[in-house]
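Student: I have this structure open next to its sequence, and I'd like to go through a few places in it with you. Can we start with a loop and then move on to the helices?

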Amino acid sequence: MTNAHEHTPRMNMAKAAPEVYKAVLALEIAAKKGLDPALVELVKIRASQLNHCAFCLDMHSKDAIAAGESIERIVQLTAWEESRHFYTEKELAAIEFTEAVTVLTGGTSRTKSGGGFVPDEVYEKAAKHFEERELAQLIAVIATINVWNRIGVTTRMVPGHYTPGMYAKG
């Protein structure tokens with residue numbers, strides 16, 4: 001059996017717009033400071049699943065495994081609501097928050113939640129588990145992975161070639 005042909009990327013964002021790439025990378029570095037690295041990877045994987053970014057899924061799954069995350073928890077992340085027992089309450093709050101921030105128009109009524117597309121109850125649950133500074137950092141991590149996902153999907157970055165740490169120096 002032969003695999004399908006690998007698609008070719010549309011562009012290399014780092015070469016086409018190096019200032020933009022460096023700015024997003026700087027935001028990435030600043031956003032994750034002070035947060036648990038395993039939690040950050042779970043958030044990046046979940047957002048990338050929602051956004052169908054194959055490159056980022058490849059990258060962050062490999063980074064999570066390299067950092068000691070279990071394959072079981074990574075696989076179960078797609079069905080976290082049915083697999084809650086794999087995660088801590090803090091991780092669950094972060095995963096649910098990631099979904100709400102990533103899918104801003106995801107069927108939640110503005111009037112029902114009383115505060116916009118990120119429901120108050122989801123925000124409050126996250127705020128219960130994260131200090132205000134940590135919650136601000138988490139918002140920035142979610143926003144940043146969504147930027148990377150949009151770059152990856154739009155430029156058709158090719159998954160499968162990433163090795164953990166290969167972009168560590170930016």
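**A loop, some helices and some rings**

Tutor: Let us begin with Thr 78, which sits in the loop between α5 (71-76) and α6, and please keep in mind throughout that this is a predicted model.

Student: Is Thr 78 buried or exposed?

Tutor: Thr 78 is exposed, because its relative accessible area is 51% and the exposed class takes in values over 50%.

Student: And which residues does Thr 78 contact, leaving aside its neighbours within four places in sequence?

Tutor: With those neighbours within four places left aside, Thr 78 is in contact with Arg 46 and Gln 49. As for Ile 65, which is 13 residues away from Thr 78 along the chain, the C-alpha atoms of the two are separated by 16 Å.

Student: OK, helices now. At what angle do α3 and α4 pack?

Tutor: Helix α3 (residues 37-51) and helix α4 (residues 54-66) pack at an angle of about 160 degrees, and their axes are 9 Å apart. The two helices are therefore roughly antiparallel to each other, and the crossing in which α3 passes α4 is left-handed.

Student: Which residues meet there?

Tutor: From α3 the residues are Glu 41, Lys 44, Ile 45, Ser 48 and Gln 49, and they meet Cys 56, Leu 57, His 60, Ser 61, Asp 63 and Ala 64 of α4. Sorted by character, the residues of this contact of α3 with α4 comprise 4 nonpolar, 4 polar and 3 charged. Gln 49, listed here on the α3 side, is also one of the residues in contact with Thr 78.

Student: What about α6 and α9, how do their axes cross?

Tutor: Their axes come within 10 Å and cross at roughly 50 degrees, which makes α6 oblique to α9. The crossing of α6 and α9 is right-handed.

Student: Which residues make that contact?

Tutor: On the α6 side they are Lys 90, Ala 94, Phe 97, Thr 98, Val 101 and Thr 102, while α9 brings Glu 134, Leu 135, Leu 138, Ile 139, Ile 142, Asn 146 and Arg 150. The residues of the contact of α6 with α9 divide into 7 nonpolar, 3 polar and 3 charged.

Student: Staying in α9, what does Gln 137 touch?

Tutor: Gln 137, found in helix α9 (residues 132-155), touches Ala 30, Ala 31, Lys 32, Lys 33 and Leu 35, not counting residues up to four places away in sequence. Gln 137 is buried, because its relative accessible area of 17% falls under 20%.

Student: Switching to rings, how many aromatic pairs are there?

Tutor: The count comes to 3 aromatic pairs. Phe 86 and Tyr 87 form a tilted pair, 6.4 Å centre to centre with 55 degrees between the planes, and Tyr 87 counts as buried at 7% relative accessibility. Phe 97 and Tyr 123 form an edge-to-face pair, with 6.0 Å centre to centre and 65 degrees between the planes.

Student: Where do Phe 97 and Tyr 123 lie?

Tutor: Phe 97 lies in helix α6 (residues 89-102) and Tyr 123 in helix α8 (residues 120-129), so their pair ties together parts that are 26 residues apart in sequence.

Student: And are those two buried, exposed or partly exposed?

Tutor: Phe 97 counts as buried at 2% relative accessibility, whereas Tyr 123 is partly exposed, with a relative accessible area of 37%. Phe 97 is also among the α6 residues that make the contact with α9.

Definitions and conventions
Residues numbered from 1 in each chain as written. Predicted model: local features only at pLDDT ≥ 70, side-chain atom pairs only at ≥ 80, totals over all residues. Heavy atoms only, no water. Phe/Tyr/Trp six-rings, centres within 6.5 Å; stacked < 30°, edge-to-face > 60°. Buried < 20%, exposed > 50% of the residue type's maximum accessible area, 1.4 Å probe, protein only. Helix = DSSP H or I, 4+ residues; strand = E, 2+ residues; numbered from the N terminus. Axes fitted to C-alpha atoms, helices over the stretch in contact; angles between N-to-C directions. Parallel < 35°, antiparallel > 145°, perpendicular 65-115°, else oblique. Left-handed = near helix turned anticlockwise from the far one by under 90°. Contact = heavy atoms within 4.5 Å. Nonpolar A, V, L, I, M, F, W, Y, C, P; charged D, E, K, R; others polar.
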